[in-house]
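Hi everyone, thanks for making room for me on the agenda. I'd like to walk you through one model today, so let me put the sequence and the structure up on the screen.

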Amino acid sequence: MQSAKIWIKGARIYTLPIGLVPVVMAFAIACRMIRFSYFEKTGMHLWQCILQFFLCAAVAACMQISVNYANDYCDGLNGLDENRSLRASNNSNDSKPLCDVSWRLADADIKPKAVLKAVIISAITACIFGLIIVVRTGIWWFILLGILCVAAAWFYAGGKHPYGYKGWGEVSAFVFFGPVPFVGSLCAITYGMGMPANSILMSEPLRILACVLMSCIPGAYSGCLMMVNNLRDIASDKKHGKITAMMRIGERNGRRLCVAMSITATLLLLAYSVSIIAFPAAVPSMWHFYKIEVFRDSYGMRCGSMGHLLFAGIQWLVLLAVVIKAYKFAKSVLHGDYKNAFPLCVCQAILGAVAVLLSTII
């Protein structure tokens with residue numbers, strides 16, 4: 001059990017929500033597509049939608065764990081984590097054993113080769129789930145996308161010229177934990193429901209733009225987490241020659257940029273919530289099913305009903321919590337309290353995903 005605890009802690013499971021948020025959001029959008037398109041067997045498509053969601057979630061979780069192990073392995077070899085050995089793994093006074101950002105696997109005397117094996121096993125597991133998605137959807141270009149994601153995960157800190165050491169880590173976090181998994185999951189869930197390709201039509205430009213903006217929400221939270229990490233390690237990174245965007249623009253400007261991204265994500269969530277209440281049929285999706293977009297409420301509710309208002313109220317309570325967490329996050333970052341900024345950033349992402357998920361029944 002102690003060994004399992006060490007590996008779970010080393011996987012940094014507190015970051016897993018960042019990888020799952022875009023998948024949850026894509027699932028919510030797919031469910032709304034089912035509601036606002038015509039199906040003869042809605043229940044069947046909903047079941048397929050749920051199955052695809054779990055497959056996508058498995059890919060995201062395994063890739064996130066692989067990335068975390070890879071960073072631990074590569075940064076450890078480069079000496080970048082030496083100043084983070086602040087607590088022993090067997091410290092009985094550790095009140096947050098699974099969320100200690102100052103901890104690394106080397107503190108538990110885990111050998112680098114064992115960490116590398118964990119990287120490979122996690123990546124292979126993600127690829128297996130990914131191949132199942134490919135077979136179920138018939139989207140073979142997902143294989144190329146998977147190879148790209150694995151390469152991006154490894155060469156962030158690995159290889160002779162890691163791009164994460166050249167100032168591109170924040171951009172990578174935004175892209176590969178925002179637009180890429182959101183759009184990829186939406187494709188996987190959509191085509192995995194058994195719909196023929198010729199029945200899936202592109203939406204108008206306004207909806208495509210809305211979908212792109214939606215994908216920026218998880219990307220922004222992931223970028224914030226990366227920026228907080230790099231803001232915390234500016235002194236250590238500079239000492240070891242690691243260049244990050246936060247180092248390039250300076251700590252003061254980096255804090256401001258981090259806060260701005262958090263505020264942007266919050267505003268996009270609020271805009272989405274307003275739009276689905278004011279224009280319930282205008283689901284922000286890149287495409288829709290068939291040519292007939294007839295409102296078909298498979299959950300037994302109608303717009304304007306008490307149930308609709310109830311869940312809308314719950315969603316706004318969740319969004320209020322997002323706003324409060326965003327304020328606390330901004331305050332922590334601007335004051336350099338990066339330890340508390342980590343959980344606040346993750347909490348924002350989780351609450352944002354819950355708010356979008358509630359939209360499936362509004």
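Let me begin with a helix: how far apart should the ends of α4, residues 112-137, be at 1.5 Å a residue? With 26 residues, α4 should span 38 Å, and its end C-alpha atoms are 37 Å apart, so the two values agree. Keep in mind as we go that this is a predicted model.

Staying with α4, its buried residues are V115, A118, V119, S122, A123, A126, G130, I133, V134 and T137. Right after the helix comes G138, which has a positive phi, near 80°.

Now, what does S66 touch beyond its neighbours within four places in sequence? S66 belongs to helix α3, residues 42-77, and its contacts are V119, S122 and A123. Those three are among the buried residues of α4 that I just listed. The side chain of S66 also reaches the backbone oxygen of V119, at 3.1 Å. Is S66 buried or exposed? Its relative accessibility is 5%, so S66 counts as buried.

Let me zoom out for a moment. In secondary structure, the protein has 13 helices and 2 strands. It has 362 residues, and 52% of them are buried. If you take contacts between residues at least 6 apart in sequence, 82% of them join residues at least 24 apart. For one pair that is distant in sequence, look at L309 and I362: they are 53 residues apart along the chain, yet 7.7 Å apart in space, C-alpha to C-alpha. L309 sits in helix α12, residues 306-334, and at 48% relative accessibility it counts as partly exposed.

On to the interior. The largest nonpolar core has 74 residues, and the members touching the most others are C49, L186, M214, Y221, V228, F329 and V333. Which helix gives the most to this core? That is α2, residues 16-35, with 13 residues. There is also another core apart from this one, of 18 residues, including I6, A70, A152 and Y165.

F329 deserves a closer look. Setting aside its neighbours within four places in sequence, F329 contacts C224, V228, C258, S262, A341, L344, C345 and Q348.

You will have noticed cysteines in that list, so how many disulfides are there? The count is 0. C211, for instance, is in no disulfide, and the nearest cysteine sulfur, that of C187, is 8.9 Å away. Why is C224 not bonded to C258? The closest cysteine sulfur to that of C224 is the one in C258, and at 4.2 Å it is too far for a bond, because a disulfide needs the two sulfur atoms within 2.5 Å. Both C211 and C224 are buried, each with a relative accessible area of 1%.

Last, a word on confidence. The average pLDDT is 82, and 81% of the residues score at least 70. Among the elements, helix α13, residues 338-358, has the highest mean, at 94, and strand β2, residues 287-289, has the lowest, at 72. Two stretches call for care. Over residues 83-99 the pLDDT stays under 50, and the model has 33 contacts there beyond four places in sequence. Residues 291-304 are also below 50, with 37 contacts beyond near neighbours in sequence. Where pLDDT is low, the predicted coordinates should not be read in detail.

That's my tour, and I'm happy to take questions.

Terms used:
Residues numbered from 1 in each chain as written. Heavy atoms only, no water. Buried < 20%, exposed > 50% of the residue type's maximum accessible area, 1.4 Å probe, protein only. Core = buried A, V, L, I, M, F, W, Y, C linked by side-chain atoms within 4.5 Å. Helix = DSSP H or I, 4+ residues; strand = E, 2+ residues; numbered from the N terminus. Contact = heavy atoms within 4.5 Å. Expected span 1.5 Å × (residues − 1). Polar contact = N/O pair within 3.5 Å; in protein donor to acceptor, adjacent residues only side chain to side chain. pLDDT = per-residue confidence, 0-100.
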